2 protein chains.
Amino acid sequence: MSLLVVGSVALDDLETPSGKAENVVGGAATYFAYAASFFTPVRMVAAVGEDFPQEVLDDLAARGVDVAGVEKRPGTTLRWKGRYHEQLNVRDTLHLDLGVFADFQPNIPEYYRDSDYAFLANIDPALQARVLDQLARPKLVGCDTMNHWIQGSRDVLDALLRRVDMLVVNDEEAQMLTGDRNMVKAAAKILDSGPKTVLIKRGEYGVIEFSGNSVFAVPAYPLEEVCDPTGAGDCFAAGVMGELARSGDVSAQGLRRAIVYGSVMGSFVVEDFGPKRLLGLTREMIEQRYQLFVSLTDIPR
Amino acid sequence: MSLLVVGSVALDDLETPSGKAENVVGGAATYFAYAASFFTPVRMVAAVGEDFPQEVLDDLAARGVDVAGVEKRPGTTLRWKGRYHEQLNVRDTLHLDLGVFADFQPNIPEYYRDSDYAFLANIDPALQARVLDQLARPKLVGCDTMNHWIQGSRDVLDALLRRVDMLVVNDEEAQMLTGDRNMVKAAAKILDSGPKTVLIKRGEYGVIEFSGNSVFAVPAYPLEEVCDPTGAGDCFAAGVMGELARSGDVSAQGLRRAIVYGSVMGSFVVEDFGPKRLLGLTREMIEQRYQLFVSLTDIPR
């Protein structure tokens, strides 16, 4: 079924303990679209500047991503330069130029409005709400956010959360959102605030899902080298939403399967700089890694 | 089968964000013996001072712990006063008085020497080696250590590691031991140094096992309140070793089952101060929590 994503597209300069990569295509919507395209057709809403390479959009289109919603606007593409510490969950922003992203107003093409699944990547919650206003009747809406909005746009974010089905945040964001360091308590508060499901990302430790009385934890796949963590969270969300849209199965079991596919996509993308690792993936490689997660976590009954 | 443990017995004063508890029985061997006694008879080797309450030893004996190896010596029992931070993996030692533990020399009673399973809790690796010298032919030896010995007694520790089957350390210790922050690389180096299995404890994130080409990860059970983390690692080791000694099954599957029982015991002990939570446990409660771990991690095939 149709999967819509709204979010940033960027050009990144990346420094990690493994090396450097410059002028790499990035942004949450880009990572999401690349990763979700292995599961289902994707509809993408974003803004790029005149400097954005057309061949990237062509490549996305060839992968089943509808880029009609990616507006090319006068000016430059969002540029981010970041440096990761030895401890890869810590990073510094060395340079940020919002470019055309500064006044991004998501306009949903008319024929996108019947999308069954939608993912609101991390942008201003006022814009995320505006996207929802334009959708007919999505079956499931997923949403990301960040510290900036939690602290600076709390009322708008709270109103948005009442309209989304699934929140995807990391543990720090869950704590900031609720004041609880304990993830069981934090999740309970988040579930009280609107979403039926919350997925809490814990970086190298994996992810934990809370939905009503159910809880599901998936460790991260232990990798010998994490080259570049950029986009891991977006690819995780893409695997989850992509598999849900592909299967249409939003049962507890369907959700678990989707979360593992999310973990699979997150584990792949960090193995090289930017989205490079995604470009050479096949469904078979994705299925193989799914089975690695099964054997990683399989408890004898 | 017979399970031997050698380690510290202490009287602790504990401060955690949940409150305070004074004069609580502690020490690695104590936690281990309490937790392992639910699985198999335990033989305990330790030293206590004249101030140590006899009723604790009587209680342990009533639980199937052979305390013939617990020497009562002139002087006072090891005393530790610790304060945990909001982030429970950080703690300060406010007071430490080694008492009779200062010149603890583990003497293994003659009839303990045929023990099939042995756990060397965290003490000087020279003493751990001395224990091994006194054992006939154990089927499986597990071993803990800490930063103090990794930095200060490296040669002795390295020699010991060549004689143990399973090393149980936390992620910081694994990093210190190998120089690798990446746990896959750290584990590979540890497996090269002697042990056939390494269990890396990651606190609130659970545990990961590396053995040859196999890797197994168990998330920690998400608890609404962690009251006191003291003894969690010792109870984890106790569940692992206790189940291995009970079943005699040291196959990959048997080891996985044992690691989950370890996680179960670790998840219980942190729910109250000191070993208090262990005292009221039953086998049925342990089996129920084992099943909670199964459902927590169960991935649809």
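# A guided tour of a predicted two-chain model

Begin in chain A by selecting strand S8 and strand S9 (residues 140–144), which pair in the parallel sense over four bridges. Zoom in on A:Ala118 and you will find A:Val141 of S9(A) standing opposite. Now trace the chain from S8(A) to S9(A): the path goes through helix H3 (residues 125–134) of chain A, and this β-α-β crossover is right-handed.

Before going further, a word on what you have open. This is a predicted model, with scores of ipTM 0.94 and pTM 0.96. Chain A has an average pLDDT of 96, and 100% of its residues score at least 70.

**Stop 1: around strand S8 of chain A**

Keep S8(A), residues 117–120, selected and show its side chains. Are its faces covered or not? Both are covered. On one side sit A:Tyr117 and A:Phe119, on the other A:Ala118 and A:Leu120, and all of these are buried.

Next, add strand S1 (residues 3–6) of chain A. S1(A) runs parallel to S8(A), joined by four bridges. To see one of the pairs, pick A:Val6; the bridge partner in S8(A) is A:Leu120.

**Stop 2: a β-α-β unit in chain A**

Select strand S4 (residues 42–48) and strand S5 (residues 65–72) of chain A. These two run parallel, with six bridges between them. A:Ala46 is a good place to look across, since A:Val70 in S5(A) stands opposite. Add helix H2 (residues 54–62) of chain A, and you have the third piece of a right-handed β-α-β unit made with S4(A) and S5(A).

Stay in S5(A) and click on A:Val65, which belongs to this strand. Is A:Val65 buried or exposed? It counts as buried, at 3% relative accessibility; the cut-off for buried is under 20%. Which residues touch A:Val65, once neighbours within four places in sequence are left aside? They are A:Ala33, A:Ser37, A:Val42, A:Met44 and A:Leu60. For a sense of distance, draw a line from the C-alpha atom of A:Val65 to that of A:Asp171: the two residues are 106 apart along the chain, and the atoms are separated by 30 Å.

**Stop 3: the four-stranded sheet of chain A**

Hide the earlier selection and show S3, S2, S6 and S7 of chain A. In the order S3-S2-S6-S7, these four strands form an open sheet with mixed pairing. Strand S3 (19–26) and strand S7 (91–97) are at the edges; each has a single partner strand, so one side of each is left without a neighbour in the sheet. On average, neighbouring strands here are turned by 15 degrees against each other, direction ignored.

For a pair within this sheet, select strand S2 (residues 10–16) and strand S6 (residues 78–84) of chain A, which pair in the parallel sense over six bridges. Here A:Ala10 stands opposite A:Leu78 in S6(A).

**Stop 4: a serine in helix H9**

Still in chain A, go to helix H9 (residues 252–269) and pick A:Ser263. This serine is buried, with a relative accessible area of 11%. Not counting residues up to four places away in sequence, A:Ser263 touches A:Val207, A:Val218, A:Phe236 and A:Phe293.

**Stop 5: over to chain B**

Now bring up chain B and look for its open sheet of nine strands. The order is S5-S4-S1-S8-S9-S10-S11-S12-S13, and the pairing is mixed. Which strands lie at the edges? They are strand S5 (65–72) and strand S13 (214–218) of chain B, each pairing on one side only. Inside the sheet, strand S1 (residues 3–6) and strand S8 (residues 117–120) of chain B pair in the parallel sense over four bridges, and B:Val6 stands opposite B:Leu120 in S8(B).

Then select helix H3 (residues 125–134) of chain B. Seven of its 10 residues are buried, so this helix is largely enclosed by the rest of the structure. Among them are B:Leu127, B:Val131 and B:Leu132. The buried residues of H3(B) pack against S1, S8, strand S9 (140–144), helix H4 (147–152) and helix H5 (154–161) of chain B.

**Last stop: the two chains together**

Zoom out to show both chains. A turn of 180 degrees and a shift of 0.0 Å along the axis lay chain A on chain B with an RMSD of 0.0 Å. The two copies are therefore related as by a two-fold rotation axis. The same surface serves both copies, as 100% of the contact residues of chain A recur in chain B.

Conventions
Residues are numbered from 1 along each chain as its sequence is written. Chains are lettered from A and ligands numbered from 1 in the order in which they are written. This is a predicted model: local features need pLDDT of at least 70, side-chain atom pairs count only at pLDDT 80 or more; totals for chains, interfaces and linings use all residues. Side-chain values use heavy atoms; hydrogens and water are left out. Two strands pair if DSSP finds at least two bridges between them. A crossover is right-handed if, with the strands pointing away from the viewer, the path from the first strand over the helix to the second runs clockwise. Copies are superposed by least squares on the C-alpha atoms of residues with pLDDT of at least 70 in both. Contact means heavy atoms within 4.5 Å. pLDDT is the predictor's confidence in each residue, from 0 to 100. Axes are lines fitted to C-alpha atoms, for helices over the stretch in contact, and angles run from 0 to 180 degrees between N-to-C directions. Buried means under 20% relative accessible area, exposed over 50%, partly exposed in between (1.4 Å probe, protein chains only).
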